[in-house]
Amino acid sequence: MSIRISDDKIIIKTKNTMYAMCILDKKIPIHLYYGKKIKEAMLPEIDKKIRSFSPYFDVNGEIYSRDNIKQEFSFYGYGDLRATALRVLDLQSGSDVTNYIFKSARSFFGRKEIQGLPFAEGECETLEIVCEDKVTQSELCLYYTVFYDSDVISRYFTLKNNGNGDLKILKAMSMSLDLLDKDYDLISLRGKYAYERVAHRDHIYGGVHRITSRRGASSHQFNPFFMITDRKATEEKGDAYAFNFVYSGSFLDELELEQSGLRVMVGLGDESFSYLLKPSESFSSPEAVMTYSSKGIGQASRNMHSFVRSAILPKNKIHPIVLNSWEAFYFKLDEKIMLDFADGACSVGIDTVVMDDGWFGARRNDNAGLGDWIPTKEIFADGLGKFVERIRSRGIKFGIWIEPEMVNPDSDLYRAHPDWVMRDAKREVLLSRNQLVLDMANPEVVEYIKQSLDRCFDGIEIDYFKWDMNRNIAHAVSPYLPIERKGETQFRYMLGVYELYDWFVKRFPNAVLENCSGGGGRYDLGMMKYSTQIWTSDNTEAKDRVFIQHGSSYGYPMSTMSCHVSNRHGQCEDERKLDYSFKVAINGPLGYEFNILKADQRIKDIISSQIKEYKNYEEIILNGDFYRLKNPSTDGCYAYYFVNGDKTEIFVSYLQNGGDAKGKTHKLKISAARADMNYKNLDTNEVISGAELRRGIIVVADSEERYGKTWHFIAE
Ligand code: GLA
């Protein structure tokens with residue numbers, strides 16, 4: 001049992017962490033502690049310091065203030081004047097004051113489903129705390145699901161309207177956590193299109209800090225994942241808390257550092273979300289996840305990696321080595337080109353050829369055809385089915401690109417249903433990449449997409465789908481939703497998207513799904529529930545990828561990160577660049593993205609030997625434990641290693657990216673190597689002791705700015 005409910009406390013334990021709360025006066029859930037395991041007697045007391053001006057209440061002669069105590073879950077309007085997690089408006093009285101009082105707590109093995117939303121699954125135990133606001137007659141249930149081995153606790157809430165009047169949720173955060181009053185750093189993943197998820201570390205100053213997306217997608221600009229660390233924490237030492245959100249739409253990570261300490265919240269926020277709760281209706285928030293490590297930032301990342309692998313990602317899926325047509329041909333596809341492309345792919349040992357955008361309706365450029373999921377006769381004279389048979393008869397698997405949530409105005413779908421896109425009826429629609437966003441909040445639209453994809457791929461053996469989403473939502477107004485529910489548009493858009501994903505993975509159970517949103521614009525745990533991997537970025541320049549991949553590793557296992565060797569800037573004509581591109585790409589599942597029809601035999605030979613080499617260490621890259629060694633933003637190079645469970649196999653990589661001066665030396669300390677073992681370097685056959693690996697491999701920077709080196713060790 002990892003949850004213990006006693007008279008005076010509720011304690012949650014994971015393998016290495018402890019979380020504690022108590023119920024003040026049997027009424028108010030108070031947060032006591034989250035950190036490494038300690039004796040219960042050492043748990044902090046409730047903070048009784050009252051700051052002037054803070055509203056207070058009396059419990060048996062003792063004074064407390066909601067504004068000062070650490071709360072399990074914070075709500076607006078009744079004495080907590082900090083940023084709060086829940087704000088509910090009573091539409092009858094116009095009051096937004098609520099006071100949720102503890103009613104009961106219980107724990108059970110397993111968990112409840114969150115209706116319509118993706119959630120973590122696997123071996124787990126759940127704590128349910130029920131609270132009630134007597135005036136609005138609404139019931140608030142707080143859920144804590146414990147994933148013991150990964151040291152992860154997930155949280156969400158359900159709000160039920162048991163009264164007779166309408167309520168409106170104005171702000172919904174899935175969790176709030178009041179941390180000890182200390183000095184912290186924030187590590188967040190920020191960027192832009194084609195440069196997403198670069199890791200930044202900032203000191204948390206006083207005030208409110210919001211990491212947010214209002215774009216209808218988790219976004220290129222800000223990822224929901226973040227860490228809070230002590231100021232001196234390193235990869236291997238110090239306290240690190242990590243947080244994430246199992247959701248793919250607009251979100252808010254909100255931190256407030258004020259007189260009582262740091263409050264950390266993850267949820268839907270208040271800018272792109274509101275929700276009408278009629279009598280007897282209930283609402284569930286998406287799930288937030290958190291972990292803690294006392295052994296530094298690296299361990300917090302590994303906790304998240306192990307959690308994502310065991311509780312989020314689809315099970316029993318492979319990561320094929322793909323050759324994708326996009327950078328090779330863009331929209332200039334035809335059957336002959338694709339068949340030759342497949343032959344080229346076979347000749348170097350690639351196992352799946354992926355036909356990207358440009359194969360359906362009038363889609364010969366990005367101006368037209370999106371939404372019309374009918375294979376174009378111009379390309380497939382005998383139909384898509386025959387074409388796929390021809391590809392597969394070459395002994396290679398087949399993948400295809402789709403973008404189901406979008407439509408070009410120049411399409412049959414839009415001409416037939418102009419009312420099926422997100423729009424404010426009184427204003428011109430705003431285009432982005434010549435496309436509009438379908439109203440996925442409308443069940444009829446979702447049903448239509450299901451039917452057209454079903455018709456398009458029925459009876460055709462497709463091994464791999466790349467599901468794209470190539471713009472953000474601007475005017476998020478669903479024509480379908482009634483006026484009083486328009487504020488639910490973004491949330492209900494995501495419910496529609498998840499319903500479609502859910503249907504899709506059941507309809508095509510054997511296919512591998514790669515998610516994409518102009519690269520990594522939806523690189524999040526919601527999408528990872530359905531997709532084995534995600535197209536990391538549209539930026540395939542290896543030197544830039546180093547930053548993007550390094551940043552992604554903080555929250556996401558490397559197996560989720562599609563990494564392609566491409567011929568940007570002639571990388572494929574130049575052997576050194578090709579080697580560097582490959583060394584950068586083997587940080588995750590390998591693929592290729594270039595015109596193999598233009599490659600000469602020399603290049604093809606290099607590629608087939610790369611693929612053979614990759615297969616020697618593919619398993620450890622996809623499933624090993626990941627350790628960051630060098631940070632490209634601060635160390636001038638990127639270095640990391642993977643190690644298997646019993647530490648008998650280690651794969652190390654060092655990647656220069658122009659930041660290193662020639663001759664500069666780095667020590668790559670492989671601290672996970674076992675001191676009692678000897679390891680053989682599989683490239684040189686030299687034997688090196690684990691103790692020496694722990695002291696560090698010395699690497700000297702090369703004069704080439706694009707230079708990489710790898711080491712593959714096996715215990716003797
Ligand atoms: C997005 C993707 C690319 C490619 C194009 C096709 O930009 O990220 O990989 O699929 O769309 O239009």
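**Exercise 1. Which residues does S188 touch, not counting residues up to four places away in sequence?**

Solution. The model is a predicted one, and the first step is to place S188 in its element, strand β13, which covers residues 184–192. Next comes accessibility: the relative value for S188 is 2%, and because buried means under 20%, this residue counts as buried. With residues up to four places away in sequence set aside, S188 touches V198, A199, H200, I211, F225 and F226. The last step turns to polar atoms, where the side chains of S188 and R190 are joined by a polar contact of 3.3 Å.

**Exercise 2. Determine whether Y330 is buried, partly exposed or exposed, and describe its surroundings.**

Solution. Begin with the position of Y330, which lies in the loop that runs between α2 (326–329) and α3 (335–348). The relative accessibility of Y330 is 42%, and since partly exposed covers the range between under 20% and over 50%, Y330 counts as partly exposed. Leaving aside neighbours within four places in sequence, the contacts of Y330 are S325 and D357. Finally, N367 stands 37 residues from Y330 along the chain, and the C-alpha atoms of these two residues are separated by 13 Å.

**Exercise 3. Describe the surroundings of the ligand, beginning with how many residues surround it.**

Solution. The shell consists of 13 residues, of which D356, D357, R433, K466 and D538 are the closest. Sorted by class, this shell contains six charged, four nonpolar and three polar residues. The next step is to examine individual atom pairs: an N or O atom in the side chain of D356 is 2.6 Å from an oxygen atom of the ligand, the corresponding separation for the side chain of K466 is 2.7 Å, and a polar side-chain atom of W401 lies 3.0 Å from a ligand oxygen. As for area, the ligand taken alone exposes 310 Å², and the protein buries 97% of that.

**Exercise 4. Identify the residues with the most contacts inside the largest nonpolar core, and follow one of them outwards.**

Solution. The general expectation is that nonpolar side chains in soluble globular proteins tend to be buried together. In this model the largest nonpolar core has 191 residues, and I228, W359, F457 and Y592 have the most contacts inside it. Taking W359 as the example, and not counting residues up to four places away in sequence, the residues that it touches include L333, W373, F380, W401 and F457. Apart from this core lies another, of 23 residues, with Y627, I688, A701 and W711 among them.

Notes: Residues numbered from 1 in each chain as written. Predicted model: local features only at pLDDT ≥ 70, side-chain atom pairs only at ≥ 80, totals over all residues. Heavy atoms only, no water. Near = heavy atom within 4 Å. Polar contact = N/O pair within 3.5 Å; in protein donor to acceptor, adjacent residues only side chain to side chain. Areas by Shrake-Rupley, 256 points an atom, 1.4 Å probe, with all protein chains shown as cover. Nonpolar A, V, L, I, M, F, W, Y, C, P; charged D, E, K, R; others polar. Core = buried A, V, L, I, M, F, W, Y, C linked by side-chain atoms within 4.5 Å. Buried < 20%, exposed > 50% of the residue type's maximum accessible area, 1.4 Å probe, protein only. Contact = heavy atoms within 4.5 Å. Helix = DSSP H or I, 4+ residues; strand = E, 2+ residues; numbered from the N terminus.
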